[in-house]
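Me: Could you take a close look at one part of this structure for me, the place where two helices pack against each other? I would also enjoy hearing how that part sits within the chain as a whole.

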Amino acid sequence: MNIRPLLDALDLQEEAARALADDLRAQIDDLQTRLREAETHLDHLTITRKTVTGLADRLPLSPPEHPDYPRILAAFNHATGLLRAKDVCEALGHELLPKNVDGTRAKLKRLVKLGILTEADTGNFAR
């Protein structure tokens, strides 16, 4: 009995199985690399989230919604020194009535509380 054709057929099947195994190993290596990259990216995002939330309470709050606040900040951007409530009131074009000066002073104090302005000494404000 001649078993040569049987052995040749087995050789062909072994080569095909070996090629399939090699191909699957390569796919597994590629998937493991991609998985490591995805896990590293997730780790970085987690660290970023933790850092940002840890710093969030240190960030200055934005000014309240009111048409005077952007104008107040613009007045400070153009100023070379400290401003008083009266100066800001004039820059806003408000009449220098006590109620207007007091209202402006209250807004300036609010901006100091939010960390947007500083009060160098009583009544003198800076950006």
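Reply: Happy to; here is the helix pair, followed by the chain around it.

A word on the ground rules: this is a predicted model, in which local features need pLDDT of at least 70 and side-chain atom pairs count only at pLDDT 80 or more, while totals for chains, interfaces and linings use all residues. Residues are numbered from 1 along each chain as its sequence is written, and side-chain values use heavy atoms, with hydrogens and water left out.

The pair is helix H2, residues 68-78, and helix H4, residues 98-113. Helices here are DSSP runs of H or I with at least four residues, strands are runs of E with at least two, and both are numbered from the N terminus. Two packed helices are described by the angle between their axes and the distance between the axes. The axes of H2 and H4 come within 11 Å and cross at roughly 80 degrees; they are lines fitted to C-alpha atoms over the stretch in contact, with angles running from 0 to 180 degrees between N-to-C directions. H2 and H4 are therefore roughly perpendicular to each other, a label for angles of 65 to 115 degrees (under 35 is roughly parallel, over 145 roughly antiparallel, the rest oblique).

On the H2 side, the contact (heavy atoms within 4.5 Å) is made by Asp68, Tyr69, Ile72, Leu73 and Phe76, and H4 brings Lys107, Leu108, Arg110 and Leu111. By class, this contact has 6 nonpolar, no polar and 3 charged residues. Here Ala, Val, Leu, Ile, Met, Phe, Trp, Tyr, Cys and Pro count as nonpolar, Asp, Glu, Lys and Arg as charged, and the others, Gly among them, as polar.

Lys107 of H4 deserves a closer look. With a relative accessible area of 15%, Lys107 is buried (under 20%; exposed is over 50%, partly exposed in between, with a 1.4 Å probe and protein chains only). Beyond its neighbours within four places in sequence, Lys107 touches His66, Asp68, Tyr69 and Ile72. Lys99, also placed in H4, counts as exposed at 63% relative accessibility.

Stepping back, the chain has 4 helices and 2 strands, in the order α-α-α-α-β-β from the N terminus. Its radius of gyration is 36 Å, well over the 14 Å that the globule rule gives for 127 residues, so the chain is more spread out than a compact globule; the radius is taken over C-alpha atoms, and the rule is 2.2 Å times the number of residues to the power 0.38. The C-alpha trace spans about 120 × 25 × 25 Å along its principal axes. Lys99 and Ala9, 90 residues apart along the chain, have C-alpha atoms separated by 102 Å. Buried residues make up 18% of the 127 in the chain.
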